[in-house]
Structure formats: structure tokens, C-alpha cells
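Reader: Could you zoom in on one part of this model and walk me through what surrounds it? I'd like the overall setting too, with the cut-offs spelled out as you go.

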Amino acid sequence: MSASTYGRQVVVPLVNKSGGGVIAGDVVIADTTNDGAFTTTTSANATSMIGIAQETIANNATGRVLL
């Protein structure tokens, strides 16, 4: 997995394991059960690493996430 660094921003390709599509600007969290993947949550006080989808990403597809 390669990452692009722009100043202090890091964009990483991750697989969407949320069960649905996400769109650019959606907040996502690291998926603790799948390496190199993200998911979403509605849980209050989630402490996982947070990212922002940089593009529309279908379920089980790979897309760019700003960490």
C-alpha cells in the first residue's frame, strides 16, 4: 500500500468494508477486523483512527482516504 503525502496530509488507498457506499467528505474509521480497510460507525465516543473519504467509494471497493 502506498501513500501520498501533501504537507501534513496523508491520503491512503483503503477498502470500504462499511456495508454501503460512501461519498467524498464522509467520515470513516479504521476497520479493526480487516487490514487496509475502513468502515463507518454511529457509536458515540468511538476511538478508532479517523479519516475522510476523498471520493465516492462503493462497498468492497478501494478508494482514497485522507488520514
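Author: Of the 67 residues in the chain, 25% are buried, where buried means under 20% relative accessible area, exposed means over 50%, and partly exposed is in between (1.4 Å probe, protein chains only). Keep in mind that this is a predicted model, so local features need pLDDT of at least 70 and side-chain atom pairs count only at pLDDT 80 or more, while totals for chains, interfaces and linings use all residues. Residues are numbered from 1 along each chain as its sequence is written, and side-chain values use heavy atoms, with hydrogens and water left out.

On confidence, the mean pLDDT of the chain is 90, and 90% of the residues reach at least 70; pLDDT is the predictor's confidence in each residue, from 0 to 100. The low end is strand β1 (residues 4–6) with a mean of 57, and the high end is β6 with 97. Where pLDDT is low, the predicted coordinates should not be read in detail.

As for the fold, you get six strands and zero helices, so to speak a plain β-β-β-β-β-β run from the N terminus. Both kinds of element are DSSP runs numbered from the N terminus: helices are H or I with at least four residues, strands are E with at least two. Taking contacts between residues at least 6 apart in sequence, 46% join residues at least 24 apart; contact here means heavy atoms within 4.5 Å.

Now for the close-up: the loop between β5 and β6 (62–66), where Ala58 is found. Ala58 is partly exposed, at 45% relative accessible area. Beyond its neighbours within four places in sequence, Ala58 is in contact with Asn16 and Gly21. Its C-alpha atom is 9.1 Å from that of Lys17, although the two positions lie 41 residues apart in chain numbering terms.

Next comes Asn59, in the loop between β5 and β6 as well, and partly exposed at 32%. Its contact list, again skipping neighbours within four places, runs through Asn16, Lys17, Ser18, Gly19, Gly20 and Gly21. Asn59 and Ser18 are 41 residues apart along the chain, yet their C-alpha atoms are separated by 6.5 Å.

Asn60 belongs to that loop too. You may want to check its backbone: phi is positive, about 65°, and Asn60 is not a glycine. With 47% relative accessibility, Asn60 counts as partly exposed.

Ile57 ties this part of the chain to the interior. Among its contacts beyond four places in sequence are Asn16, Gly20, Gly21, Val22, Phe38 and Val65. Ile57 is also one of the eight residues of the largest nonpolar core, together with Val12, Leu14, Val22, Val28, Phe38, Ala53 and Val65. Such a core is a set of buried Ala, Val, Leu, Ile, Met, Phe, Trp, Tyr and Cys residues joined through side-chain atoms within 4.5 Å. In soluble globular proteins, nonpolar side chains tend to be buried together.

There's some charge pairing to look at as well. The structure holds one salt bridge, and Glu55 and Arg64 make it, with 3.6 Å between the closest N and O atoms. The criterion is a side-chain nitrogen of Lys or Arg within 4 Å of a carboxyl oxygen of Asp or Glu. Glu55 is partly exposed at 26%, and Arg64 is partly exposed at 41%. Arg64 also appears among the contacts of Ile57.

Lys17 links to another stretch of the chain. Thr33 sits in the loop between β3 (27–30) and β4 (37–39), and is exposed at 65% relative accessibility. Its C-alpha is 9.5 Å from that of Lys17, with the two residues 16 apart in sequence. Thr39, in strand β4, is buried at 17%. Leaving out neighbours within four places, Thr39 is in contact with Lys17, Ser18, Val28, Ile29, Ala30 and Asp31.
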